Amino acid sequence: MNAIVSFQNVSYRIGNRTLLDGLSFELHAGETLVLLGRSGSGKTTALKMVNDLLRPTSGKVLVDGIPTIDWDPIRLRRHIGYVIQDVGLFPHFTIADNVGLVPRLEGWERSAVRERASALLAQVGLPPEQYAGRYPRELSGGQRQRVGVARALAADPPLLLFDEPFGALDPVTRLELQRQFLVLRRQFSKTALFVTHDVREALILGSRIGLLHNGRLDTLTTPADFLHAATPEARAFLACLDVKNEV
Amino acid sequence: MEGLAREILDLTLEHLWLVFVAMMIAGSVGIGGGILLTRKPSWRGWVLGFANVMQTVPSLALFGFLIPIPFIGGIGKHTAILALVLYAILPVLRNTLAGILGVDPAVRESAVAMGMNGRQLLWQVELPLAARTILAGVRVATVTTIGTATIAAAIGGGGLGVFIFRGLASVDTTLILAGAIPAAAIALLADGGLGWVEHKFSAA
């Protein structure tokens with residue numbers, strides 16, 4: 001199978017703290033691999049190594065077969081869409097300008113950038129005639145996150161990174177966006193690496209789930225098999241699903 | 001009386017010139033230096049310390065200290081301007097640093113992750129978002145400089161301070177007011193004008 005991203009024995013240390021410890025896995029074309037884990041398990045650290053926001057202390061991360069340290073960081077990052085929990089929209093840019101950012105940096109024609117931004121806004125459920133000219137502060141959290149997704153898709157990158165993108169949203173909005181994510185995934189057939197601490201989200205969205213525990217890969221399997229995973233950490237996460245017994 | 005009006009106008013223009021030149025230099029050095037300090041955290045302590053010390057030196061003394069220094073010192077406008085610049089740099093520098101460091105980390109991270117290079121990050125994200133804070137620093141520095149510039153007359157720098165020193169020497173309140181009132185008026189106008197520009201930036 002075709003590895004879009006490949007982690008090869010990757011470790012990351014700050015001082016004497018080990019955040020990632022010998023992590024190895026591959027992300028295949030077209031799949032959504034969800035990295036699941038508690039806070040501090042190293043999942044975000046791993047994600048940030050893919051677009052060279054962080055560099056491994058030892059080991060290698062390969063994107064399209066090339067180690068991230070050998071990529072021109074600017075080229076690498078424009079080749080990868082990135083969505084984060086805090087969205088990070090530019091408050092002084094309109095929604096359309098936020099969405100069109102990467103195409104503009106890539107030197108697209110003005111009219112092409114505008115068209116692309118409008119098309120994407122429509123696709124994430126924000127009618128452009130209503131939202132294109134607004135500023136981020138005029139939108140709700142869920143709407144802002146939709147803009148964040150549209151921005152990541154703008155230059156049509158083959159690979160997308162999601163860092164707990166729906167973590168700050170209320171459960172109803174979250175479910176709405178998760179459903180939209182699945183629709184978009186069918187439409188665009190992108191490869192995605194998705195970080196979350198929500199086991200439900202991992203089961204709904206992932207084609208595979210990689211469970212991280214203390215910087216190591218605890219379990220890597222399909223959602224169906226994850227439900228029967230036997231490691232203590234996997235069991236701890238699965239226990240979160242059994243609310244019925246608690247009430 | 002007409003002679004006095006004429007002199008008020010001349011000295012006001014001279015005063016404005018002193019402030020303008022000093023602020024041009026202090027603005028470029030302060031903003032440029034502030035940007036540099038955001039990239040070189042280890043320099044911050046030294047540079048801010050120096051700028052702070054400059055501000056603590058009593059202004060009359062600072063003008064005096066500069067007189068005996070060869071090339072940059074001496075009697076006249078350039079020494080006065082140098083002293084004004086040394087005073088005005090700190091607020092501009094400090095606000096530039098604070099404004100840029102105050103940009104939401106999520107915004108900066110997403111700018112980098114979208115593939116902006118250093119220059120694009122600075123011009124398209126950091127400076128626009130810090131503009132209001134930077135302008136506030138420029139405003140404070142300008143208003144202070146307008147007042148401090150009256151002391152320039154003590155070392156032959158000219159400006160409205162000429163009236164004040166002459167009035168003090170001859171115990172003539174009218175002369176002191178002839179210097180003080182226009183200086184105060186300029187300060188108020190500058191404060192209002194720059195405040196308006198600042199407000200314009202905050203609207204965006």
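A residue is called buried here if 20 or more other C-beta atoms lie within 10 Å of its own. Keep that in mind for the views below, which come from a predicted model.

**View 1. Chain A as a whole, with 43% of its 247 residues buried.** Start with the overall picture: chain A holds 11 helices and 10 strands. Its radius of gyration is 18 Å, close to the 18 Å from the globule rule for 247 residues, so chain A is as compact as a globular protein of that length. If you're setting up a box, the C-alpha trace spans about 55 × 50 × 35 Å along the principal axes. Now look at who touches whom: among contacts between residues at least 6 apart in sequence, 66% join residues at least 24 apart.

**View 2. Strand β8 of chain A, mostly covered.** Zoom in on residues 191-196, where 6 of the 6 residues are buried. In a regular strand, side chains alternate between the two faces of the sheet. Which residues of β8(A) point which way? A:Thr191, A:Leu193 and A:Val195 go one way, while A:Ala192, A:Phe194 and A:Thr196 go the other, and all of them are buried.

**View 3. The strands that pair with β8(A), namely β3(A) and β7(A).** How many bridges join β3(A) to β8(A)? There are 5, with β3 (residues 32-36) running parallel to β8(A). For a landmark in that pairing, find A:Thr32, which stands opposite A:Ala192. Strand β7 (residues 159-163) also runs parallel to β8(A), joined to it by 5 bridges. Here the pair to pick out is A:Phe162 and its bridge partner in β8(A), A:Phe194.

**View 4. From β7(A) to β8(A) by way of a helix.** Follow the chain out of β7(A), through helix α8 (residues 171-188) and into β8(A). Together these three elements make a β-α-β unit, and it is right-handed. The strand at the end of this unit, β8(A), is the one with 6 of 6 residues buried.

**View 5. Where chain B meets chain A, with 15 residues from each chain in the contact.** On the chain B side, the elements giving two or more residues are α5 (105-113) and α6 (118-148). Which of them gives the largest share? That's α5(B), with 6 residues. As for chemistry, the chain B side of the contact divides into 10 nonpolar, 4 polar and 1 charged.

Notes
Residues are numbered from 1 along each chain as its sequence is written. Chains are lettered from A and ligands numbered from 1 in the order in which they are written. This is a predicted model: local features need pLDDT of at least 70, side-chain atom pairs count only at pLDDT 80 or more; totals for chains, interfaces and linings use all residues. Helices (H or I, at least four residues) and strands (E, at least two) are DSSP runs, numbered from the N terminus. The radius of gyration is taken over C-alpha atoms; the globule rule is 2.2 Å times the number of residues to the power 0.38. A residue is buried if 20 or more other C-beta atoms lie within 10 Å of its own, exposed if 12 or fewer, and partly exposed in between; C-beta atoms are placed from the backbone. Two residues are in contact if their C-beta atoms, placed from the backbone, lie within 7 Å. Ala, Val, Leu, Ile, Met, Phe, Trp, Tyr, Cys and Pro count as nonpolar, Asp, Glu, Lys and Arg as charged, and the others, Gly among them, as polar. Two strands pair if DSSP finds at least two bridges between them. A crossover is right-handed if, with the strands pointing away from the viewer, the path from the first strand over the helix to the second runs clockwise.
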